[in-house]
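Here's a quick walk through one protein model, written for someone who would rather look at residues than at scores. Keep the viewer open and click along.

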Amino acid sequence: MDPLSDQLIRASFVNCSKGEANRIRTPRDLDQLPWEDLDFLGWRDPGAPDRGYLVAPVDGRLIGVTLRAPVGLRRTLTKTNLCSLCLTSHGGTGVALLSARRAGAAGREGNTVGTYVCADLSCSLYVRGRKRPTFGERVPTTLSEEEQILQLQVNLADFVAQVLA
């Protein structure tokens, strides 16, 4: 992924107003991120733990999506869940159900789409082995790393398409 500026990130959001996009807390360390290892930029708002964001290049266009996580849910460390984007299993709270308001009129009417995703939105790093889950593991596969990266990109594009639908 190519490095992104704060301005590009804010302009990419498709499921919130321009005012909401301008109030989003973008990552402060944009110049220090491992861009070459990222398929999308994902982060959680440290001041609002129920909010997350992802920005991804999809079909030649930069798409940003605001996400919400349910608050108050408790999980035990003995239960594992699977990320639907990168297929990494995590114990405890390592996977979160994140929902996104749909873009356009459907979103203004309250329609949302959700998926289970790595709670820290570090899917790209898990696929490449740059990060390991605290409790859990990558699903055993015969796919090469390149094929797993492609699978992540396809799963991400499918989720974004649901937001845009």
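## Starting from T115

Leaving out residues up to four places away in sequence, T115 touches S84, A96, L97, L98 and F159. Before going further, bear in mind that this is a predicted model. T115 sits in strand β7, and it is buried, at a relative accessible area of 13%. One of its neighbours gets a polar handshake too: the side chains of T115 and S84 are joined by a polar contact of 2.4 Å.

## The nonpolar cores

Which residues of the largest nonpolar core touch the most other members? That core has 30 residues, and the best-connected ones are F40, L54, L67, C86 and C123. Two or more residues each come from β2, β3, β6 (95–101), β7 (112–118), α4 (123–127) and α5 (145–164). The top contributor is α5, which gives six residues. As general background, nonpolar side chains in soluble globular proteins tend to be buried together.

F40 is a good one to click on. Setting aside neighbours within four places in sequence, F40 is in contact with M1, L54, V55, A56, L121, C123, S124, L152 and L156. Two of the names on that list, L54 and C123, also appear among the best-connected core members.

There is also a second, separate core of 15 residues, and its members include I9, F13, I24 and V55. V55 is also on the contact list of F40.

## Aromatic pairs

How many aromatic pairs does a search of the whole structure find? It finds two. In one of them, the ring centres of F13 and Y53 are 6.0 Å apart and the planes stand at 80°, so this pair is edge-to-face; the cut-off for that label is over 60 degrees. F13 is in the loop between α1 (6–11) and α2 (18–23) while Y53 is in strand β2, so the pair ties together parts that are 40 residues apart in sequence. Both ends are tucked away: F13 is buried at 9% relative accessibility, and Y53 is buried at 4%. Add W43 and you have one aromatic cluster made of F13, W43 and Y53.

## The β2–β3 hairpin

Y53 leads straight into the next feature. In the pairing of the strands, Y53 stands opposite T66 in β3. β2 and β3 run antiparallel and pair over eight bridges. They make a hairpin with two residues between them.

One of the turn residues is D59, in the loop between β2 (48–58) and β3 (61–68). D59 has a positive phi of about 50° even though it isn't a glycine. Why does that catch the eye? Most residues other than glycine have a negative phi. Is D59 buried or exposed? Exposed, with a relative accessible area of 80%.

L87 is another non-glycine residue with a positive phi, in this case near 60°. L87 lies in the loop between β4 (80–82) and β5 (89–91), and it is partly exposed at 25% relative accessible area.

## Salt bridges

The count of salt bridges comes to seven. Here are some of them, with the N to O distances.

| Acidic residue | Basic residue | N to O distance |
|---|---|---|
| D6 | R10 | 2.8 Å |
| D37 | R130 | 3.2 Å |
| D50 | R68 | 3.4 Å |

D6 and R10 are a local pair: both are in helix α1, four residues apart, about one turn of the helix. D6 is partly exposed, with a relative accessible area of 29%.

The salt bridge between D37 and R130 reaches further along the chain. D37 is in the loop between α2 and β1 (41–45), and R130 is in the loop between α4 and α5, so the pair ties together parts that are 93 residues apart in sequence. The two ends have different surroundings: D37 is buried at 12% relative accessibility, whereas R130 is exposed at 51%.

The third entry takes you back to the hairpin, where D50 forms a salt bridge with R68. With D50 in strand β2 and R68 in strand β3, the pair ties together parts that are 18 residues apart in sequence. R68 is partly exposed, at 41% relative accessibility.

Terms used
Residues numbered from 1 in each chain as written. Predicted model: local features only at pLDDT ≥ 70, side-chain atom pairs only at ≥ 80, totals over all residues. Heavy atoms only, no water. Buried < 20%, exposed > 50% of the residue type's maximum accessible area, 1.4 Å probe, protein only. Pairing = 2+ DSSP bridges. Phe/Tyr/Trp six-rings, centres within 6.5 Å; stacked < 30°, edge-to-face > 60°. Core = buried A, V, L, I, M, F, W, Y, C linked by side-chain atoms within 4.5 Å. Contact = heavy atoms within 4.5 Å. Polar contact = N/O pair within 3.5 Å; in protein donor to acceptor, adjacent residues only side chain to side chain. Salt bridge = Lys/Arg side-chain N within 4 Å of Asp/Glu carboxyl O.
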